[in-house]
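This report is an introduction to reading a protein model. Please study the sequence and the structure shown here before turning to the sections below.

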Amino acid sequence: MVKLIIDNREVEAREGSTILEAAQKAGIKIPTLCYHQALTPYGACRVCTVEIIRKGWSRLSTACTYPVQEGIEVKTKSEKVKKARKIILEMLLARCPNVKKIKDLAEEMGIKKPRFELDNEECILCGLCVQVCEEIIGVSAIGFVNRGAEREVNTPYEINSDVCLGCGACAVVCPTGAIKIEDIKEIRKIPLWHTELKRRKCRICGEFFAPEVEIDFLKKKETRLGEEIFKTCPKCRKKELGNKFVMRHA
Ligand code: SF4
Ligand code: FES
């Protein structure tokens, strides 16, 4: 275990854990936006900025990426932190003035209107969607494209992606709600990824549920589960089989 000081409190943390994890365990709140516990922290939004004092030197860093170290002191609410976080949130709010989570975080910092020119984006380019698609689903249907102001997340082709499974994991982890899923009868659409897929009909209730391509993908991975489970929607599956076979996505 590693001993460190967070906001004047001595805290013990597991070696290899981050300042954010240590603070959360100790009940000390550090705001986050692009952090997701299932994914490798990338430090994109910088909302979790804290002040770290080590051997008399003070620096600002993101708590979600900084590993705990013996004897360091962390300040989560110092004037230096507040000033930095305020500018970060002001810039995020100027980029995404209609994203509720960003508006709430900005309001907590006392920001009503950013001083910068307003844009109308919903994506903060945090990359969580790219990461979940690659690290957890194992598909890599989306990625960063272009540079500078043109940088965005997209599929390799602008017309109907043939790689995206339509599983929706990207929408689950997206911190801003930028990724919308539209389920209309037998069709699932994810407009941001140019995805339009046919959904499977449940053999019991007749409702459409997950995309055919996603189910076929899972079927190849989970060969021991038998045919029927892949023709059954999650609700009926639960009724028929209990929690035993509730699959991760479909
Ligand atoms: S779409 Fe969402 S998850 Fe993907 S980069 Fe943008 S904000 Fe992050
Ligand atoms: S939450 Fe740490 S950089 Fe976004």
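The sections that follow describe the overall build, the ligand, the cysteines and several individual residues.

## Overall build

The structure is a predicted model. Its protein chain contains seven helices and 11 strands. When the extent of the chain is taken along the principal axes, the C-alpha atoms fill a box of roughly 65 × 45 × 30 Å. The chain has 250 residues, and 43% of them are buried.

## The surroundings of ligand 1

Where does ligand 1 sit? Its place is in the largest pocket. There are 13 residues around the ligand, and those that come nearest are C123, C126, G127, C129 and C174.

The chemical character of this shell can also be described. Of the residues around ligand 1, 11 are nonpolar and two are polar, while none is charged.

## Cysteines and disulfides

How many disulfides does the model contain? The count comes to zero. For a pair of cysteines to be counted as a disulfide, the two sulfur atoms must lie within 2.5 Å of each other.

Two cysteines illustrate the reasoning. For C164, the closest cysteine sulfur belongs to C170 and is 6.3 Å away, so the distance is too great for a bond. For C170, the closest cysteine sulfur is that of C167, at 6.2 Å, which is likewise too far for a bond. Both residues are shielded within the protein chain by the accessibility criterion: C164 is buried, with a relative accessible area of 10%, and C170 is buried at 8%.

## T176 and its contact with E122

T176 belongs to the loop that connects helix 5, residues 169-173, with strand 8, residues 182-184. Is this residue buried or exposed? T176 is buried, because its relative accessible area is 10% and the limit for a buried residue is under 20%.

The side chain of T176 has a polar atom that lies 2.7 Å from the backbone oxygen of E122. This pair falls within the 3.5 Å limit for a polar contact.

## Two residues with positive phi

Two residues that are not glycines have a positive phi angle. The first to be described is D7, whose phi is about 45 degrees. D7 lies in the loop between strand 1, residues 2-6, and strand 2, residues 9-13. With a relative accessible area of 25%, D7 is partly exposed.

The other is K55, which has a positive phi of about 50 degrees and is not a glycine. K55 is placed in the loop between strand 3, residues 49-54, and strand 4, residues 57-62. Its relative accessibility is 74%, so K55 counts as exposed, since the exposed class begins over 50%.

## Positions in loops

Distance along the sequence and distance in space are separate descriptions of a residue pair. D119 is located in the loop between helix 3, residues 100-108, and helix 4, residues 128-137. At 40% relative accessibility, D119 is partly exposed. From D119 to V153 there are 34 residues in sequence, and their C-alpha atoms are 17 Å apart in space.

L165 is in the loop between strand 7, residues 152-154, and helix 5. L165 is buried, having a relative accessible area of 11%. L165 and C133 are separated by 32 residues in sequence and by 9.7 Å in space, from C-alpha to C-alpha.

## Positions in helices

R85 is part of helix 2, which covers residues 79-95. Is R85 buried or exposed? Its relative accessibility is 6%, so R85 counts as buried. In sequence, R85 and I72 are 13 residues apart, whereas in space their C-alpha atoms are 21 Å apart.

P234 is found in helix 7, residues 234-241. A relative accessible area of 32% makes P234 partly exposed. How far apart are the C-alpha atoms of P234 and A210, which are 24 residues apart along the chain? The separation between these C-alpha atoms is 9.2 Å.

Conventions:
Residues numbered from 1 in each chain as written. Chains lettered and ligands numbered in written order. Predicted model: local features only at pLDDT ≥ 70, side-chain atom pairs only at ≥ 80, totals over all residues. Heavy atoms only, no water. Buried < 20%, exposed > 50% of the residue type's maximum accessible area, 1.4 Å probe, protein only. Near = heavy atom within 4 Å. 1 Å grid on protein atoms, 1.4 Å probe; cavity = no way out; pocket = protein on both sides within 12 Å on 5 of 7 lines; lining within 4 Å. Sits in = over half its atoms within 2 Å of the grid points. Nonpolar A, V, L, I, M, F, W, Y, C, P; charged D, E, K, R; others polar. Helix = DSSP H or I, 4+ residues; strand = E, 2+ residues; numbered from the N terminus. Polar contact = N/O pair within 3.5 Å; in protein donor to acceptor, adjacent residues only side chain to side chain.
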